[in-house]
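Could you take a look at this one with me? I'm new to it and have a handful of questions.

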Amino acid sequence: LFDGVYPFYLQQRKAAVFDVSSIIVIVVFLTFACSFLLIIPGIRGRARLYWTLRVLLSLLVGVVIVAVQFTGDWETGWVKANTSYKSFSHALVNADIGLHVGLAGVNVTLMGNPVNQVNETINYNEHFSWSFDADYDDSYSEGLARGLPSPILYVAEKFTTQSPCSMHQQYRISGHYASATLWVAFCTWLISNMLFSMPVLVYGGYMLLVTGAFMIFSLLSFSTVRNSLMCPIQFGTATLHTSYGGSFWLTLAIGLLCFVAGITVVALHYFNLDLLKTFFDLREDKAEEHQEMTEVYVNTHFVNNGR
């Protein structure tokens with residue numbers, strides 16, 4: 001041992017708190033929101049409230065569609081167990097073991113109770129990717145070479161291509177289809193914003209419905225893995241069970257919001273068009289044009305000659 005650590009093990013990696021890609025997406029959309037808030041005082045009357053509501057809700061939909069592509073909590077699970085810590089060692093540790101499944105890979109978390117045990121700080125969060133530009137088996141082999149703790153390697157092994165569980169193929173394909181449909185939803189969201197900027201509001205409502213439909217399709221694609229038999233992930237008598245995570249439910253909520261907003265726009269178009277134009281700041285423009293057209297100056301000399 002070297003200071004209580006096997007010399008052929010590298011220094012353990014600390015737990016990751018934030019995902020860099022998600023932070024970049026959130027910062028970009030927050031920049032758009034702050035830029036709009038700087039110009040909102042220049043809008044007069046009730047139109048200021050309508051503009052604020054429309055823009056912030058639209059940005060909320062856009063940031064969720066993009067951000068959930070990079071999150072790792074579409075499916076999560078935790079278990080507390082007494083388990084062996086590393087290979088070639090009989091030392092047992094008490095730890096919380098977490099599995100976080102995203103669209104592009106899995107994160108396996110190991111946190112000791114307490115954190116400091118067997119002369120080490122047990123606080124790991126390892127990512128194993130199966131995206132198009134990454135090889136999951138290579139990530140797992142690198143973990144073996146670095147000497148990751150046994151619980152992390154045990155969970156990660158369930159998702160390898162050589163595992164008899166076949167979980168890699170199930171999650172990888174469903175994640176890729178879910179990601180593709182979300183990008184289509186992002187494109188339809190952009191089109192809906194373009195249509196709302198033109199006097200074709202009903203078509204913008206239709207595109208919102210399409211956006212919500214593709215978001216629901218992504219959820220259906222990801223949920224297909226629940227219909228397959230899952231390999232048990234056991235640590236002694238404790239079993240790690242997973243359930244849908246925050247990103248899944250957030251996508252569902254925003255998809256339903258798109259449905260509600262799209263149905264509202266389409267219904268108002270057919271039953272109360274004036275209210276819809278007022279909300280989108282179109283009715284006031286028509287009123288001003290009508291007012292300008294009614295201000296006509298008549299020369300009474302030509303009127304009398306015409307008689």
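Below, questions and replies go through the model bit by bit.

Me: Before we start, what kind of model is this, and from which number are the residues counted?

Reply: It's a predicted model, where local features need pLDDT of at least 70, side-chain atom pairs count only at pLDDT 80 or more, and totals for chains, interfaces and linings use all residues. Side-chain values use heavy atoms, with hydrogens and water left out, and residues in each chain are numbered along the sequence as written, from 1.

Me: OK, rings. How many aromatic pairs are there?

Reply: Rings of Phe, Tyr and Trp (its six-membered ring) pair if their centres lie within 6.5 Å; planes under 30 degrees apart are stacked, over 60 edge-to-face, and the rest tilted. By that rule, the count is 21.

Me: What sort of pair do Trp183 and Phe186 form?

Reply: Their centres are 6.0 Å apart. The two sit 3 residues apart in helix α5 (residues 167-196), so about one helical turn separates them; helices (H or I, at least four residues) and strands (E, at least two) are DSSP runs, numbered from the N terminus. The planes make an angle of 90 degrees, so by the over 60 cut-off the pair is edge-to-face.

Me: And which of those rings belongs to a buried residue?

Reply: Buried means under 20% relative accessible area, exposed over 50%, and partly exposed in between (1.4 Å probe, protein chains only). Trp183 has 36%, so Trp183 is partly exposed. At 18%, the buried one is Phe186.

Me: What is the angle between the planes of Tyr244 and Trp249?

Reply: Both residues are partly exposed, Tyr244 at 23% and Trp249 at 45%. They also belong to one aromatic cluster, whose members include Trp74, Phe128 and Trp130. Their pair is edge-to-face, 6.0 Å centre to centre, with the planes at 85 degrees.

Me: Which residue lies over the face of Trp51?

Reply: A charge sits over a ring if NZ of Lys or CZ of Arg is within 6 Å of the ring centre and within 35 degrees of the ring normal. One residue does this for Phe279 at 5.9 Å and for Trp51 at 4.4 Å. That residue is Arg54.

Me: How many disulfides does the structure hold?

Reply: A disulfide here is a pair of cysteine sulfur atoms within 2.5 Å. Cysteines in the chain include Cys34, partly exposed at 46%, and Cys187, partly exposed at 43%. The disulfide count is 0.

Me: How wide is the arc of the buried residues of α3?

Reply: In helix α3 (residues 136-146), the buried ones are Tyr136, Ser139, Tyr140 and Gly143. The arc is that of the directions from the helix axis to the C-beta atoms. Seen down the axis, these residues line one face of the helix, because they fall within an arc of 100 degrees.

Me: What covers those buried residues of α3?

Reply: Contact means heavy atoms within 4.5 Å. The cover includes β3 (105-117), β4 (120-129), α4 (150-157) and α5.

Me: Which residue caps the N-terminal end of α3?

Reply: Just after the helix, Gly147 takes a positive phi of about 75 degrees. At the N-terminal end, a side-chain oxygen lies 2.9 Å from the backbone nitrogen of Asp137. The capping residue is Asp135.

Me: Is Glu75 buried or exposed, and which side chain does it join in a polar contact?

Reply: Glu75 lies in strand β1 (residues 75-84), and at 0% relative accessibility Glu75 is buried. Not counting residues up to four places away in sequence, it touches several residues, including Leu99, His100 and Tyr171. A polar contact is a pair of N or O atoms within 3.5 Å; within protein, one must be able to donate a hydrogen and the other to accept it, and residues adjacent in sequence count only if both atoms are side-chain atoms. At 2.6 Å, the partner of Glu75 is Thr242.

Me: Where is the cis peptide bond?

Reply: Look in strand β3, where Pro114 is found. Omega is near 0 degrees for the bond from Asn113 to Pro114.

Me: What is phi for Asn119?

Reply: Asn119 lies in the loop between β3 and β4 and is exposed at 68%. Val118 has its place in that loop too, with a positive phi of about 45 degrees although it is not a glycine. For Asn119, also a residue other than glycine, phi is positive and near 60 degrees.
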